[in-house]
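Colleague: Before I plan anything around this protein, could we go through its charged pairs and its surface together, one point at a time?

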Amino acid sequence: MHASYIRNLDLVIRKIERARLAYNPHHIVSLLAVSKYATTEQITFLHECGQRAFGENKVQDLKQKMHILESLPLQWHMIGTLQENKINTLIDLNPTLLHSLDSLKLAIALQKRLEAKGKVMRTLLQLNTSFESTKSGVSPTQAKEIYLEILAQCPNIKLEGVMSIGAHSTDYKTLEKSFVLAKDVFDSLQDVGAKTLSMGMSEDFEIAIACGANLVRIGSRLFGS
């Protein structure tokens, strides 16, 4: 087992714990290892260190890695943009969670395929809380309406919360603002079953946890040398 993976995972977990305790001692935060740039060997190393949940950005990469590592008890998440022509492939892979349901249009297309296949899929609604044109996701002002619409129209989609990507900035206040907006949307949806607030990556996960994130998506901090 590669010592650097033990060291990286331990450091990330300690930082998560420190941020979690500062936010609320009763708050629970889950760690998703973003493996889009990792080899299957690196994923195996991290699994041997105790990590179980991994996230991929592309359906084809997810399919390939799931197949190669099918003997390992891993939880696989789809976190990247989902193209409509990849929906059937993703459904057949049975991911643990889809983080990137980024529009009502995509939800309706996904619902049709799920219904046809007699399957359900756990998902998060992706928000664009930084209002950046390069990011997918629904506006926080429309999020509750769209979330409720999906709940009403798409019985095979099991919405469990929201996902957001922090602002593309190194400024604490700018990042905090984008995360607080996501937390506000999440809070408004808890009475309809929202339980997951997925936000925070390698460079900003501590800020995200300070704003209430309970699932963080970390890649380079875990797989870097």
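Modeller: Val192 is a good place to begin: Val192 sits in the loop that joins helix 7 (172-189) to strand 7 (196-198). Please keep in mind throughout that this is a predicted model.

Colleague: Which residues make the nonpolar surface patch of about 190 Å²?

Modeller: Val192 has a relative accessible area of 30% and is therefore partly exposed. This loop residue belongs to the patch, and the members are Leu148, Leu151 and Val192.

Colleague: Turning to charge, how many salt bridges does a search of the whole structure find?

Modeller: Side chains of opposite charge can pair when their charged atoms come close. The cut-off applied here is a side-chain nitrogen of Lys or Arg within 4 Å of a carboxyl oxygen of Asp or Glu. Searched in that way, the whole structure gives a count of 11.

Colleague: How many residues apart are Arg14 and Asp10 in helix 1?

Modeller: The side chains of Arg14 and Asp10 form a salt bridge, at 3.0 Å from N to O. Arg14 is partly exposed at 47% relative accessible area, and Asp10 is likewise partly exposed at 38%. Both belong to helix 1 (residues 3-23), where about one turn of the helix separates them, that is, 4 residues.

Colleague: What separation in sequence does the pair Arg18 and Glu206 tie together?

Modeller: These two side chains, Arg18 and Glu206, meet in a salt bridge with an N to O distance of 3.8 Å. Arg18 lies in helix 1 whereas Glu206 lies in helix 8 (residues 205-210), so the pair links parts of the chain whose separation in sequence is 188 residues.

Colleague: Is Arg18 buried or exposed, and what is the state of Glu206?

Modeller: Arg18 has a relative accessible area of 52%, and since exposed means over 50%, Arg18 counts as exposed. Glu206, with a relative accessible area of 30%, is partly exposed.

Colleague: Are Glu132 and Lys135 buried or exposed?

Modeller: Their side chains also meet in a salt bridge, with 2.3 Å between N and O for Glu132 and Lys135. As for their surroundings, Glu132 and Lys135 are both buried.

Colleague: Which residues is Lys36 in contact with, leaving aside neighbours within four places in sequence?

Modeller: An unreviewed UniProt entry lists Lys36 as "modified residue: N6-(pyridoxal phosphate)lysine". Lys36 is in the loop between strand 1 (30-34) and helix 2 (40-48), and its relative accessibility of 33% makes it partly exposed. With those sequence neighbours set aside, the contacts of Lys36 are Gly55, Glu56, Asn57 and Lys65.

Conventions. Residues numbered from 1 in each chain as written. Predicted model: local features only at pLDDT ≥ 70, side-chain atom pairs only at ≥ 80, totals over all residues. Heavy atoms only, no water. Patch = residues over 30% accessible without salt bridge, like charges linked within 9 Å, V, L, I, M, F, W, Y side chains within 5 Å. Areas by Shrake-Rupley, 256 points an atom, 1.4 Å probe, with all protein chains shown as cover. Helix = DSSP H or I, 4+ residues; strand = E, 2+ residues; numbered from the N terminus. Buried < 20%, exposed > 50% of the residue type's maximum accessible area, 1.4 Å probe, protein only. UniProt positions renumbered as here; feature names shortened; annotations may be inferred. Contact = heavy atoms within 4.5 Å.
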